[in-house]
Amino acid sequence: MPRTEQQFEGIREEKKALIMRTALELFATNGFHGTTISNIAKKAEISKGLLYNYFESKEDLMKAIIYTGLENIDKLMDPNKDGILTGDEMEFLLDRYFKLLNEDTCFWRLYFTLLLQEPILKLVEERLSKVIGSYIDLLKSYFESRGSEDPYTEAVVFGALLDGIGMNYVAYPEIFKVEKIKERILKKYR
């Protein structure tokens, strides 16, 4: 029996996800420049031609991985999308952030190394700037509602704190007690 359009679409999405997972793992382990399309195709057990059916280039593949990760991060911020971050939503944000750090260490390793590599950062800079800007605005409003003297700086410090914890966690997960860190942050910022 021939496959339906939905079955073909499902197969297509599975292949695309396989390519992205494989590339993510290789980029996080070997770096962007240390990974070739041939490496990705070989590890994914597909042909280079098939990979190029999904992504025009290695850069296009990198962007897709980062954009997907940013979409996952976006789900943490203001889950009901009302433009207001509440104390409960701050707790949700922290719970999910630490869960994502633990569940998707490869993505976070890539994300944090990406921030330090200007040529790669240029690939996603425009979108990343928009996303970070919207997070800062949301956090600024949150700290404003809590009576902060300087809500913008507080928002930037909070974001840098999470980035620093994230970088250290992916580098040294065995020494970072996530629950204690989360409790400390909640005590200060909720």
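The legends below describe an overview and several close-up views of a predicted model.

Residues are numbered from 1 along each chain as its sequence is written, and side-chain values rest on heavy atoms, with hydrogens and water left out. In this predicted model, local features need pLDDT of at least 70 and side-chain atom pairs count only at pLDDT 80 or more, while totals for chains, interfaces and linings use all residues.

**Figure 1. Overview of the protein, with 9 helices and 0 strands.**
Along the sequence the elements follow the pattern α-α-α-α-α-α-α-α-α. Helices (H or I, at least four residues) and strands (E, at least two) are DSSP runs, numbered from the N terminus. Along the principal axes, the C-alpha atoms fill a box of roughly 60 × 35 × 30 Å. Of the 190 residues, 38% count as buried; buried denotes under 20% relative accessible area, exposed over 50%, and partly exposed in between (1.4 Å probe, protein chains only). Among contacts (heavy atoms within 4.5 Å) between residues at least 6 apart in sequence, 64% join residues at least 24 apart.

**Figure 2. Surface and charge of the protein.**
The protein exposes about 11300 Å², of which carbon and sulfur atoms supply 51%. Accessible areas come from the Shrake-Rupley method with a 1.4 Å probe, and for residues only the protein chains shown count as cover. There are 27 positive and 31 negative side chains, and the centres of the two sets lie 5 Å apart. Lys and Arg count as positive and Asp and Glu as negative, whereas His and the chain ends are not counted. Each charge is placed at NZ of Lys, CZ of Arg, CG of Asp or CD of Glu.

**Figure 3. Close-up of aromatic pairs, of which the structure holds 12.**
The ring centres of Tyr97 and Phe98 lie 5.5 Å apart with planes at 70°, so this pair is edge-to-face. Tyr142 and Phe143 also form an edge-to-face pair, at 5.3 Å centre to centre and 75° between the planes. Rings of Phe, Tyr and Trp (its six-membered ring) pair if their centres lie within 6.5 Å; planes under 30 degrees apart count as stacked, over 60 as edge-to-face and the rest as tilted. Tyr97 is buried at a relative accessible area of 5%, and Phe98 is buried at 4%. In the other pair, Tyr142 is buried at 1% and Phe143 is buried at 4%. Ring pairs further link Tyr97, Phe98, Phe107, Trp108, Tyr111 and Phe112 into a cluster.

**Figure 4. Close-up of charged side chains over tyrosine rings, at Tyr67 and Tyr189.**
Arg127 lies over the face of Tyr67, 4.1 Å from the ring centre. The charged end of Lys188 sits over the ring of Tyr189, at 5.5 Å from its centre. A charge sits over a ring if NZ of Lys or CZ of Arg is within 6 Å of the ring centre and within 35 degrees of the ring normal.

**Figure 5. Close-up of two loop residues with positive phi, Glu45 and Lys81.**
Glu45 is placed in the loop between helix H2 (37-44) and helix H3 (48-54). Its phi is near 60°, a positive value in a residue other than glycine, and Glu45 counts as exposed at 71% relative accessibility. Lys81 is found in the loop between helix H4 (58-74) and helix H5 (87-103). Phi of Lys81 is near 55°, likewise positive in a residue other than glycine; at 46% relative accessibility, Lys81 counts as partly exposed.

**Figure 6. Close-up of Gly164 and Tyr169 in helix H8.**
Helix H8 spans residues 151-171 and includes Gly164, which is partly exposed with a relative accessible area of 24%. Gly164 and Phe112 are 52 residues apart in sequence and 9.4 Å apart in space, C-alpha to C-alpha. Phe112 also belongs to the ring cluster of Figure 3. Tyr169, in helix H8, is buried with a relative accessible area of 8%. Not counting residues up to four places away in sequence, Tyr169 touches Leu101, Asn102, Phe176 and Val178. Tyr169 and Glu13 are 156 residues apart in sequence, and their C-alpha atoms are 31 Å apart in space.
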